[in-house]
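Visitor: Please show me the model, and then let us go through it by question and answer.

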Amino acid sequence: MTPDEPAGGWEALRAEAVAASAHAYAPYSRFRVGAAALVDDGRVVSGCNVENAAYGVALCAECGLVSQLHRSGGGRLTHFVCVDGEERLIMPCGRCRQLLWENGGPDLLLLTGRGVRRMDEVLPDAFGADDLG
(Lines give C-alpha, C1' and ligand atoms only; values in the text may rest on other atoms or scores of the structure.)
Protein backbone atom coordinates (compact mmCIF):
# COMPACT_ATOMS: atom_id res chain seq x y z
CA MET A 1 0.00 0.00 0.00
CA THR A 2 1.33 3.46 -0.93
CA PRO A 3 0.90 6.57 1.27
CA ASP A 4 -1.79 7.79 -1.14
CA GLU A 5 -3.82 4.60 -0.78
CA PRO A 6 -6.71 4.41 1.69
CA ALA A 7 -6.85 1.72 4.37
CA GLY A 8 -8.26 -1.32 2.60
CA GLY A 9 -7.17 0.01 -0.80
CA TRP A 10 -8.77 2.03 -3.57
CA GLU A 11 -10.65 -1.00 -4.93
CA ALA A 12 -12.48 -1.51 -1.63
CA LEU A 13 -13.48 2.15 -1.56
CA ARG A 14 -14.53 1.95 -5.20
CA ALA A 15 -16.66 -1.11 -4.39
CA GLU A 16 -18.49 0.97 -1.76
CA ALA A 17 -19.20 3.62 -4.40
CA VAL A 18 -20.49 0.97 -6.81
CA ALA A 19 -22.76 -0.41 -4.08
CA ALA A 20 -24.07 3.09 -3.39
CA SER A 21 -24.81 3.68 -7.09
CA ALA A 22 -27.17 0.69 -7.03
CA HIS A 23 -29.43 2.71 -4.71
CA ALA A 24 -29.52 5.84 -6.87
CA TYR A 25 -32.91 7.29 -7.75
CA ALA A 26 -32.44 8.48 -11.31
CA PRO A 27 -35.74 8.00 -13.19
CA TYR A 28 -35.21 11.06 -15.40
CA SER A 29 -31.59 10.99 -16.47
CA ARG A 30 -31.01 7.26 -15.87
CA PHE A 31 -27.50 8.38 -14.80
CA ARG A 32 -26.81 6.54 -11.56
CA VAL A 33 -23.97 7.84 -9.42
CA GLY A 34 -22.36 6.48 -6.28
CA ALA A 35 -19.66 8.04 -4.13
CA ALA A 36 -17.65 6.75 -1.19
CA ALA A 37 -15.02 8.31 1.03
CA LEU A 38 -12.77 7.41 3.91
CA VAL A 39 -12.99 9.61 7.01
CA ASP A 40 -9.96 10.49 9.13
CA ASP A 41 -11.22 8.22 11.93
CA GLY A 42 -11.45 5.17 9.63
CA ARG A 43 -15.18 5.27 8.86
CA VAL A 44 -16.41 4.93 5.29
CA VAL A 45 -19.29 7.15 4.19
CA SER A 46 -21.18 6.91 0.93
CA GLY A 47 -24.01 8.44 -1.04
CA CYS A 48 -26.02 8.13 -4.24
CA ASN A 49 -27.74 10.67 -6.46
CA VAL A 50 -31.43 11.39 -5.92
CA GLU A 51 -33.34 13.14 -8.70
CA ASN A 52 -36.78 14.71 -8.71
CA ALA A 53 -39.09 16.29 -11.26
CA ALA A 54 -37.66 19.75 -10.49
CA TYR A 55 -34.35 18.89 -12.19
CA GLY A 56 -32.31 21.73 -10.71
CA VAL A 57 -32.81 20.60 -7.13
CA ALA A 58 -31.60 17.04 -7.56
CA LEU A 59 -29.10 15.79 -5.01
CA CYS A 60 -25.72 14.59 -6.20
CA ALA A 61 -24.16 11.50 -4.62
CA GLU A 62 -21.62 13.72 -2.86
CA CYS A 63 -24.47 15.53 -1.08
CA GLY A 64 -25.63 12.28 0.48
CA LEU A 65 -22.06 11.36 1.36
CA VAL A 66 -21.42 14.67 3.15
CA SER A 67 -24.78 14.38 4.95
CA GLN A 68 -23.80 10.91 6.18
CA LEU A 69 -20.40 12.27 7.26
CA HIS A 70 -22.03 14.84 9.53
CA ARG A 71 -24.88 12.59 10.69
CA SER A 72 -22.40 9.92 11.76
CA GLY A 73 -20.09 12.15 13.77
CA GLY A 74 -18.28 14.54 11.44
CA GLY A 75 -14.57 14.46 10.77
CA ARG A 76 -12.49 15.09 7.66
CA LEU A 77 -12.62 13.19 4.39
CA THR A 78 -9.23 11.77 3.41
CA HIS A 79 -9.90 9.63 0.30
CA PHE A 80 -12.78 9.84 -2.20
CA VAL A 81 -14.07 7.97 -5.25
CA CYS A 82 -17.10 8.51 -7.50
CA VAL A 83 -18.52 6.13 -10.12
CA ASP A 84 -21.38 6.02 -12.58
CA GLY A 85 -23.87 3.16 -12.94
CA GLU A 86 -21.46 1.37 -15.27
CA GLU A 87 -18.79 1.42 -12.53
CA ARG A 88 -16.64 3.95 -14.44
CA LEU A 89 -14.75 6.56 -12.45
CA ILE A 90 -16.25 10.03 -12.85
CA MET A 91 -15.30 13.47 -11.56
CA PRO A 92 -17.48 15.43 -9.15
CA CYS A 93 -19.30 18.46 -10.57
CA GLY A 94 -18.27 21.96 -9.50
CA ARG A 95 -20.82 22.24 -6.69
CA CYS A 96 -19.69 18.92 -5.30
CA ARG A 97 -16.01 19.83 -5.54
CA GLN A 98 -16.86 22.72 -3.21
CA LEU A 99 -18.60 20.32 -0.80
CA LEU A 100 -15.58 18.03 -0.87
CA TRP A 101 -13.18 20.96 -0.35
CA GLU A 102 -15.06 22.10 2.75
CA ASN A 103 -15.17 18.59 4.22
CA GLY A 104 -11.77 17.29 3.17
CA GLY A 105 -9.64 20.30 2.36
CA PRO A 106 -6.80 20.64 -0.11
CA ASP A 107 -5.18 17.34 0.90
CA LEU A 108 -8.24 15.16 0.16
CA LEU A 109 -7.21 12.48 -2.35
CA LEU A 110 -9.52 11.59 -5.24
CA LEU A 111 -9.25 8.50 -7.43
CA THR A 112 -9.82 9.75 -10.99
CA GLY A 113 -9.49 8.36 -14.49
CA ARG A 114 -6.10 10.11 -14.58
CA GLY A 115 -4.91 8.59 -11.32
CA VAL A 116 -4.91 9.86 -7.76
CA ARG A 117 -5.22 13.66 -7.54
CA ARG A 118 -5.35 16.06 -4.62
CA MET A 119 -8.39 18.23 -4.08
CA ASP A 120 -6.35 21.39 -4.67
CA GLU A 121 -5.57 20.04 -8.16
CA VAL A 122 -9.22 19.51 -9.09
CA LEU A 123 -10.38 22.75 -7.44
CA PRO A 124 -7.45 25.17 -7.72
CA ASP A 125 -7.68 28.52 -5.97
CA ALA A 126 -10.67 27.27 -3.98
CA PHE A 127 -12.93 29.60 -2.04
CA GLY A 128 -13.50 28.47 1.52
CA ALA A 129 -14.42 29.48 5.04
CA ASP A 130 -11.15 31.39 5.43
CA ASP A 131 -12.31 33.74 2.65
CA LEU A 132 -15.42 34.75 4.59
CA GLY A 133 -14.95 37.39 7.07
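Visitor: In which loop is Leu108 found, and is Leu108 buried or exposed?
Guide: This is a predicted model, in which local features need pLDDT of at least 70 and side-chain atom pairs count only at pLDDT 80 or more, while totals for chains, interfaces and linings use all residues. Residues are numbered from 1 along each chain as its sequence is written, and side-chain values use heavy atoms, with hydrogens and water left out. Leu108 is found in the loop between α3 and β4, where helices (H or I, at least four residues) and strands (E, at least two) are DSSP runs numbered from the N terminus. With buried meaning under 20% relative accessible area, exposed over 50% and partly exposed in between (1.4 Å probe, protein chains only), the 0% of Leu108 makes it buried.

Visitor: Which residues is Leu108 in contact with, leaving aside its neighbours within four places in sequence?
Guide: Contact means heavy atoms within 4.5 Å. Under that rule, and with neighbours within four places in sequence left aside, the partners of Leu108 are Leu77, Thr78, His79, Phe80, Leu100, Arg117, Arg118 and Met119.

Visitor: Which residues are linked with Arg118 in a network of salt bridges?
Guide: A salt bridge is a side-chain nitrogen of Lys or Arg within 4 Å of a carboxyl oxygen of Asp or Glu. Arg118 forms one with Asp107, the closest N and O atoms being 2.7 Å apart, and this pair links distant parts of the chain, since Arg118 is in strand β5 and Asp107 is in the loop between α3 and β4, eleven residues apart. Arg118 forms another with Asp120, where the closest N and O atoms are 2.5 Å apart. The network therefore links Arg118, which is partly exposed at 30% relative accessibility, with Asp107 and Asp120.

Visitor: Which side chain meets that of Arg43 in a salt bridge?
Guide: By the same rule, the count of salt bridges comes to four. One of them joins Arg43, at 2.9 Å from N to O, to a residue that is partly exposed, with a relative accessible area of 48%: Asp41.

Visitor: Why do the buried residues of α1 lie on the same side of the helix, and what arc do they cover?
Guide: Helix α1 (residues 10-21) has twelve residues and reaches 16 Å from its first C-alpha to its last, close to the 16 Å expected at 1.5 Å a residue, the expected span being 1.5 Å times one less than the number of residues. Its buried residues are Trp10, Leu13, Ala17, Ala20 and Ser21. An α-helix has 3.6 residues a turn, so residues three or four places apart point the same way. The buried residues are on the same side of α1 because the arc, taken from the directions from the helix axis to the C-beta atoms, is only 105°.

Visitor: Which elements do the buried residues of α2 pack against?
Guide: In helix α2 (residues 61-71), the buried residues are Ala61, Glu62, Cys63, Leu65, Val66 and Leu69. These residues pack against β1, β2, β3 and α3 (94-104).
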